[in-house]
Amino acid sequence: MSNRYQEEYDRSIQDPEGFWGDAAKEIDWIKPWDKVLDSSNKPFYRWFSGAQCNTCYNALDRHVEAGRGDTTALIYDSPVTGGTKKTYTYSELRDEVALFAGVLAAQGVSKGDRVIVYMPMIAEAAIAMLACARLGAVHSVVFGGFAANELAVRIDDAKPKAIVTASCGIETNKVIEYKPLLDSAIEIAKHKPEHCVILQRAQATASMIDGRDVDWTGAMSTVQPAECVPVMATDPLYILYTSGTTGEPKGVMRDNGGHMVALKWSMSNIYDAKPGDVYWAASDVGWVVGHSYIVYAPLLHGCATVMYEGKPVGTPDAGAFWRMISEYKINILFTAPTAFRAIKREDPEGILIADYDMSSLKSLFLAGERTDPDTLHWAQEKLGVPVIDHWWQTETGWAIASNCMGLHPFPVKPGSPSKAAPGWDVRILDDDCNEVSDGDIGAISVKLPMPPSSLLTLWNADERYLSAYLEDYPGYYKTSDAGYKDEDGYLYIMARTDDIINVAGHRLSTGGMEEVLAAHPDVAECAVIGVADQLKGQVPFGFLALNAGVERTDAEIIAEVVAMVRDKIGPVAAFKSAVVIKRLPKTRSGKILRGTMQKIADCEDYKMPATIDDPAILGEIDEALQSAGYSSART
Ligand code: COA
Ligand code: AMP
């Protein structure tokens, strides 16, 4: 049966140029494109080639010039600093961004230069990103929960001319000083940025290095605002590093033009948002959700967006989200299911909701991990609004599958993020690249070309882009998610096919953690898998086999590897548990049986691998997991 979703979906697949060419009319271009979809260098597709534009202009100046300068653009709310609140209108935000672009320009930053932004959830993080976009510089935001070493890896890959940071972030009630982390990262890195711009916050004062470090506030008082610099639609807007299958992160590269077109389109058609609505993505600017739906999409669409420096619980209680909704009349909320699990755990009856006026809320969108049916039903019942699970990745930049609330909402099926969104030709493939039947599990893949705003390539790593995403299934993008499609076209995302785990909506590589554990002098071999966790979805769990003759206690070594992961990757890895076992289960050819270990952890049936060298070791793994407290899910 035809409906608006189906019509739009069909057109987007049959006539992508017509579809996205029409969507692009919502954006102001300095020069129009020569081609909507440029396939001249397949599989490196480009959208809107030949066009010139500026993303910051479309996010800010355009609204001011259209007479909407006095409407709210950005709301900053910070329970962790004693309730600091600040609202920026579009005019005010444009002026701040233009001034900060002036600061960056004064440090020598210009079109094409990279700028790393290592900031907590404060308005200045968005201001720094938009200022880069204004100059045509390429930002790379690094999540605050990563350690100095991870920051150093990103500095060496992106080679930034400047780094923007703050003196500290605040995690509930802990002050995390950023400057020592930054200084140590720059020391570790081979590449040295010319300048660092530091925002001094009241909670910590950063010591400054003469000649390199520049004070944000001081610099803002002496510069002239910078104008928007025209860039090609195909020029990079940002690099966002995400976990790959090794400790080396992948620098996902996104353009200016296609990014704007797809995000603007998604606001009306997926989220059913209207200009002037208050749209809150309770995530972090360090993640793709923060890039797309805290900073760019709401502003491109003329909404008010929200920067919340707090947690769903503990700042001060499980009513924090409801306070935000009632205080700012939030219309659309977007967060990760783990945030709702945290709220539900503290206030299972949702009693705190009654203290607030929730009448503005129209819908709740969840992503980052599968929405478990319990959380879905709880949110539906307690909030009384549509709850939409939607599936996407850092690489795609926006939802591959979602109920499109602005087109034609479908009935929700728990456990499914609904159907492919327009633009995404999703196929479920077997190992030979053939489509499987409805209901059969396979590799979820997207037929090329992907729609605008999906990654262009990996920064400085075209070959890795091809080998990581495009080689296994020729003609398709490999999502590395496995799952199936039902007879109604609903998708079910079941598991990653690589070593990525999802911890509280944060994407982490177990391979990266194994690299850290393996560096411990007493560890002969190790494996890390993700075990089910009721709050965070998954948490990492390590197995260590020690060198012969080690006399120190297991507890000492475990404490040391836990500290090493925190130090090398960061607290966000949430690596807190490991056990020492005699040896790891392996095939006779020496391959560690991680898949079997994962099945034991997930309490799934597994076949005894025919090539296993020592079957008894699997019983030891099971016991170790149970005695470490992962037995509740095992009954
Ligand atoms: N800077 C510094 N440290 C950070 C940090 C940041 N930006 N973000 C997290 N951390 C630290 C935390 O303080 C914690 O440290 P600890 O081990 O000393 O306690 C550790 O990293 C793990 O953090 P987190 O996974 O966030 O766990 P939590 O127990 O503090 O909070 C939730 C749990 C569920 C409340 C929280 O993870 C949450 O709100 N998640 C939403 C996730 C989200 O928005 N994901 C984005 C995708 S949409
Ligand atoms: P990230 O790149 O951090 O956004 O993580 C992307 C990965 O998170 C996906 O490949 C999925 O494995 C998982 N993911 C994100 N959203 C969903 C969802 N709605 N349902 C199931 N898995 C999801």
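In the predicted model, Asp213 and Arg212 are both buried. The two residues form a salt bridge, in which the closest N and O atoms are 2.8 Å apart. Salt bridges with shared partners also join Arg11, Asp15, Asp22 and Lys25 into one network. Across the whole structure, a search finds 36 salt bridges.

Within this network, Arg11 pairs with Asp22, and the closest N and O atoms of the pair are separated by 3.0 Å. Because Arg11 belongs to helix 1 (residues 4-14) and Asp22 to helix 2 (residues 16-23), the pair ties together parts that are 11 residues apart in sequence. Arg11 is partly exposed, its relative accessible area being 30%. Asp22 likewise counts as partly exposed, with a relative accessibility of 36%.

A further salt bridge is formed by the side chains of Asp61 and Arg134, with an N to O distance of 2.9 Å. This pair links distant parts of the chain, 73 residues apart: Asp61 lies in helix 3 (residues 55-68) and Arg134 in helix 5 (residues 123-135). Asp61 has a relative accessible area of 4% and is therefore buried, the limit for this class being under 20%. Arg134 is also buried, at a relative accessible area of 2%. In general, side chains of opposite charge can pair when their charged atoms come close.

Burial extends to an entire helix elsewhere in the chain. In helix 10 (residues 288-300), 13 of the 13 residues are buried, so this helix is largely enclosed by the rest of the structure. Gly302, just after helix 10, adopts a positive phi of about 80°.

Two ligands were examined in turn. Ligand 1 is surrounded by 23 residues, of which Glu171, Lys174, Lys536, Arg566 and Lys576 are the closest. Lysine side chains make several of the contacts to ligand 1 oxygen atoms. For Lys174, a side-chain N or O atom is 2.8 Å from an oxygen atom of ligand 1. The corresponding distance is 3.0 Å for Lys536 and 2.9 Å for Lys576. Ligand 1 taken alone exposes 940 Å², and the protein buries 84% of that area. By class, the shell around ligand 1 comprises 11 nonpolar, six polar and six charged residues. Residues of this shell come from both domain 1 (4-310 + 390-483) and domain 2 (504-627), so ligand 1 lies between the two domains.

Around ligand 2 there are 14 residues, and those that come nearest are Asp389, Thr394, Asp481, Arg496 and Arg507. A nitrogen atom of ligand 2 lies 2.7 Å from a polar side-chain atom of Asp389. Oxygen atoms of ligand 2 are also approached by polar side-chain atoms, at 2.6 Å in the case of Asp481 and at 2.7 Å in the case of Arg496. On its own, ligand 2 has 490 Å² of accessible area, 92% of which is covered by the protein. The shell around ligand 2 consists of three nonpolar, five polar and six charged residues.

How values were computed
Residues numbered from 1 in each chain as written. Chains lettered and ligands numbered in written order. Predicted model: local features only at pLDDT ≥ 70, side-chain atom pairs only at ≥ 80, totals over all residues. Heavy atoms only, no water. Near = heavy atom within 4 Å. Polar contact = N/O pair within 3.5 Å; in protein donor to acceptor, adjacent residues only side chain to side chain. Areas by Shrake-Rupley, 256 points an atom, 1.4 Å probe, with all protein chains shown as cover. Nonpolar A, V, L, I, M, F, W, Y, C, P; charged D, E, K, R; others polar. Buried < 20%, exposed > 50% of the residue type's maximum accessible area, 1.4 Å probe, protein only. Helix = DSSP H or I, 4+ residues; strand = E, 2+ residues; numbered from the N terminus. Salt bridge = Lys/Arg side-chain N within 4 Å of Asp/Glu carboxyl O. Domains from an automatic or database assignment.
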